Amino acid sequence: AVQPYDPENIFAKILRGEIPCTKVYEDDHVLAFNDIAPQAPTHVLVIPKGAYTSYDDFAQNASDAEIVAYTRAIGKISKEAGVVEDGYRLIANTREHGRQDVPHLHVHILGGEKLPRMLP
Ligand code: 5GP
């Protein structure tokens, strides 16, 4: 692995119930909760329950069932958050250059307002 999984990361603690969160979705493979420091009116973090550090780790090592569940959950949560019609943004910050703070794969769903442009 590029990077070993750190079982003490904050999302691992949330998954174990050691730290509370505001849950917005859960199934066998996925948990989603509101970001503690929202950057937009809707700011949800979607994580696989498995111990994956990043999107590349997940894409290579997760089972088909986990990948399907995660992909569908992101779509479903976006719809339930009411951001699909007006639009939204998905972000997966990855490791140092991507400025990832928490080393457990998470996709940010941001929406609810017109977001600032990220790329020129
Ligand atoms: P990253 O920079 O790794 O892509 O994003 C980590 C995100 O996790 C940040 O947006 C941050 O606000 C959020 N976060 C950090 N600690 C906690 C926490 O304890 N609970 C929740 N709900 N979000 C957190």
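How many of the seven residues of strand 3 are buried? The legends below, prepared for a predicted model, begin with the overall chain and then turn to this strand and its surroundings.

**Figure 1. Overall view of the predicted protein chain, with four helices and five strands.** Read from the N terminus, the elements follow the order α-β-β-β-α-α-β-α-β. The radius of gyration is 14 Å, close to the 14 Å that the globule rule gives for 120 residues, so the chain is as compact as a globular protein of that length. Along the principal axes, the C-alpha atoms occupy a box of roughly 35 × 35 × 30 Å. Of the 120 residues, 24% are buried. Among contacts between residues at least 6 apart in sequence, 59% connect residues at least 24 apart.

**Figure 2. Close-up of strand 3, a mostly covered element.** Six of the seven residues of strand 3 are buried, which answers the opening question. Strand 3 is joined to strand 2 by five bridges, and the two run antiparallel. Within this pairing, V30 stands opposite P48 of strand 3. Five bridges also join strand 3 to strand 5, again in an antiparallel arrangement. Here V44 has I109 of strand 5 as its bridge partner.

**Figure 3. Close-up of the largest nonpolar core, a set of 19 residues.** The residues with the most contacts inside this core are A32, V44, V46, I77 and I109. Two or more core residues come from each of strand 2 (30-34), strand 3 (42-48), helix 3 (64-80) and strand 5 (107-111). Strand 3 makes the greatest contribution, with four residues. In soluble globular proteins, nonpolar side chains tend to be buried together.

**Figure 4. Close-up of V46 and its contacts beyond the local sequence.** Which residues does V46 contact once its neighbours within four places in sequence are left aside? The partners are V30, A32, A73, I74, I77, H106, V107 and I109. V46 itself is among the core residues with the most contacts, as are three of these partners, namely A32, I77 and I109.

**Figure 5. Close-up of the ligand and the shell of 13 residues that surround it.** The closest residues to the ligand are I36, A37, N93, D101 and V102. By residue class, the shell divides into eight nonpolar, two polar and three charged members.

**Figure 6. Close-up of R95 and R99, two residues with positive phi that are not glycine.** R95 has a phi near 50° and belongs to helix 4 (residues 95-98). With 13 other C-beta atoms within 10 Å, R95 is partly exposed. R99 has a phi of about 55° and is placed in the loop between helix 4 and strand 5. Is R99 buried or exposed? R99 counts as exposed, because it has 8 C-beta neighbours inside 10 Å and the limit for that class is 12 or fewer.

**Figure 7. Close-up of E80 in helix 3, shown together with V24.** E80 has 13 C-beta neighbours inside 10 Å and therefore counts as partly exposed. Along the chain, E80 and V24 are 56 residues apart, and their C-alpha atoms are separated by 9.2 Å. Helix 3, in which E80 lies, is also one of the elements that give two or more residues to the largest nonpolar core.

Note on methods:
Residues numbered from 1 in each chain as written. Predicted model: local features only at pLDDT ≥ 70, side-chain atom pairs only at ≥ 80, totals over all residues. Near = placed C-beta within 6 Å. Nonpolar A, V, L, I, M, F, W, Y, C, P; charged D, E, K, R; others polar. Core = buried A, V, L, I, M, F, W, Y, C linked by C-beta atoms within 7 Å. Buried ≥ 20, exposed ≤ 12 C-beta atoms within 10 Å, placed from the backbone. Contact = placed C-beta atoms within 7 Å. Pairing = 2+ DSSP bridges. Rg over C-alpha atoms; globule rule 2.2 N^0.38 Å.
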